[in-house]
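User: I am new to this structure and would like to be guided through it by questions and answers. Please define each term as it arises.

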Amino acid sequence: MAVDLEQPKETVASGERRHRSFSPRYPGWLTSPSLFYYAIFFLGPLAILVAFSLATQTGFDSISYGFDTSQFHLVTDPLYLKIFYRTLVMAATGSLLTILVGYPIAYWMARYLTTYKLLALLLILVPFWTSFLIRTYALKIILDPNGYLAKNLGIDIMFTKYAVGVGLVYNYLPLFIIPVFASLERMDWSLVEAATDLGAKPFNAFRQITLRLTMPGVVTGALLVFIPMSGEYIIPNILSGGNYEFVGNVIGDQFSSAQNQPFGSAMSISLMIALSGFVALYILFATKEERFGA
Amino acid sequence: MTDRRDHLNILAPRETKPKLDQLHRDIVRAVGHPLSRRSALGIGGLALLSACGSTSTGTGATGSSSATADALSGKPLGDHLEIYNWSQYDDPSTYKKFMALPDVAKAGLKINETYYSSNDELLAKLNAGGTTYDIIAPSQNAVAQLIETDKLLEMDDALIPNKKNLDPKFLKASYDPTGKFHVIKDYGVTMFFYNHTIVTEKPQTMLDFYNLLNKYVSKGRTNLLDGAEEVVPIALMANGMDANTDSQDDFNQVSDFLMSIRKGVTTITSSSYIDDAIAGKIILGQGWNGDVRRIVQGRKKQGDITAVLCQEKSEIWSDNWCIPKTAPDPVAAHAWINWLLTPSTAVTEMEYHNYPIPIPSALSQLPTDLSSDPLFNVPAKYTDDYQYILNVSPQVVQDRTKIYTQFKAG
């Protein structure tokens, strides 16, 4: 929502100072439909969540609103901090693995495929059109302790954090491949040729040119998978057998079985704050890249 | 809903319908040419208010809480019954036969049913308000909570003559001591099962079961039923404590106990354990008796599953018919409950869902392989000591949830 609302004011302010931009001036009120939508469906629920988190529970089905920060103190209980830590570590590991698996695929598609490029892209995307839940259940069948992997290859990881990791990488892979593929597509491969002509070893050429030029795509992709991984609910629920749950599952339990909306809301907000930190880092990093990079 | 322009939806007592129709006709006549309902009633807004005035004050006077029961008897059935239920929990013929009952058919009553998958979902819907359910089927803990938050209608026994068919032991319960807000739908117990080709001990109590977990976890998958309201109270009972305790000492003790067996638990799930156990994947697990019965039947060929109804204390649970206070048609709701208490209906139902309905005259009509199976018709000598698990207070529910979260986090 990077809407520049200050423009109309400036037109009145000074006639002398000319804007360098030749873009047409649209009145600010034209943004009102999207602002309205944003207010109702994003800010509204967020405000409700904040109000919940500061309320006090007075009984089943009754809370009194106020400014009670005690729920946020409860979030810092070692038990919940442990679950926060575990969630973020899992999401970070998952993102890293996604990069390791996704980047070579995107690279191969962009560099070596010509006729079948679109087909490959389609094959990456097709599973993504299936319901997330169904894909996770499919994985459950593959990882089954009595399945082929476990019986014949000895890979018996169902109901462990490894199963959760596999689920994360598998489900979010397309979200990473697409932006990286896009940035690899835009790249000018003659730069790599020039580097090798000038004596750079292939790996150095890759590291100093390809990787640097596609870094914004990698960062975008990584963030695109890291954020939803941190809020993951379905994958740990199905694949960990209750053994390796994320903050999302604990929040779910607070809203449903504990019927404790204030605490559930406080945890949601804490998670949002933690993730905002990562987004801030990203913005810092991404703008820097854009300044010096492609 | 189709939005016809000449159609106006008015929320008003049913008795006022003739008056409203009369009003419509009067106005049409006065104007001299046909009007749509909406514009006619728009013109006649004032007249409409005065026409309804007498009726609404009338119902307001009798609508006080103490008079709910008496107010219902003698009132006619409506033409719509809205049921909010667990899915696939009642035989389809039960609905058809109900609508074919003389009184019900005369009223032209139609049933609409929607489903929930957990008590939490039901509670959330009712707490949010604005529902039009006539019938709900909450479990015992939800019943108690709904009574506490004043969401249930006190039933009128005069409209449920078949209540006399119920085993008197099931008329009142710890979750509804007056017995006025619920009629039991069916009940069951929590037990456990094991693969006796692997587990050589003969566990008899839930504590025996817990104590074997650490030993056998390396031999195959072990499973506990999930949910804070299962894991914590069942472990409390196994250790001889009150399932519905609010004592912090008890909670500390049970938390230590649960953490000591944590390494012995492979999975904590209630959703897929039947299929997994039938596939032979679970060697030691908790289960509800109806499910365990299916597991034993499913493993008949291998014959390797022993099912154990717990000696000493375990959980007894129930699902119940209740009527929300906001039910639009409580008379039809009573008629539905009365129909479900008919012995012949109860027989059909039990053959469908395989959980006992405590109606002796119906149980005796069942085929003996069902009625004499202790996994179906659990003998009273077990259930006498069993406890219903309740949502005692928000604090207790939260304490249980924290122990459960800690247990899962390991």
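Analyst: Helices (H or I, at least four residues) and strands (E, at least two) are DSSP runs, numbered from the N terminus. This is a predicted model, in which local features need pLDDT of at least 70, side-chain atom pairs count only at pLDDT 80 or more, and totals for chains, interfaces and linings use all residues. Residues are numbered from 1 along each chain as its sequence is written, while chains are lettered from A and ligands numbered from 1 in the order in which they are written.

User: How many helices and strands does the secondary structure of chain B come to?

Analyst: The count rests on the DSSP runs just defined. For chain B, the secondary structure comes to 19 helices and nine strands.

User: Which strands are the edge strands of the open sheet in chain B?

Analyst: Two strands pair if DSSP finds at least two bridges between them. The open sheet has three strands in the order 2-1-3, with parallel pairing. Strand 1 (residues 80-86) and strand 2 of chain B are joined by seven bridges, and B:H80 has B:K110 in strand 2 as its bridge partner. Pairing on one side only marks the edge strands of chain B, strand 2 (110-116) and strand 3 (135-136).

User: Why are the buried residues of helix 9 of chain B on the same side?

Analyst: A residue is buried if 20 or more other C-beta atoms lie within 10 Å of its own, exposed if 12 or fewer, and partly exposed in between, with C-beta atoms placed from the backbone. In helix 9 (residues 206-216) of chain B, the buried residues are B:M206, B:F209, B:Y210, B:L212 and B:L213. They lie on the same side of helix 9 of chain B because the directions from the helix axis to their C-beta atoms cover an arc of only 165 degrees.

User: How many residues of chain A are in contact with chain B, and how do they divide by class?

Analyst: Two residues are in contact if their C-beta atoms, placed from the backbone, lie within 7 Å. On that basis, 22 residues of chain A touch 26 residues of chain B. Ala, Val, Leu, Ile, Met, Phe, Trp, Tyr, Cys and Pro count as nonpolar, Asp, Glu, Lys and Arg as charged, and the others, Gly among them, as polar. The 22 residues of chain A divide into seven nonpolar, eleven polar and four charged.

User: What distance separates the centres of the two domains of chain A?

Analyst: Domain bounds come from an automatic or database domain assignment. Chain A is divided into domain 1 (7-53) and domain 2 (71-292). Taken over C-alpha atoms, their centres are separated by 33 Å.
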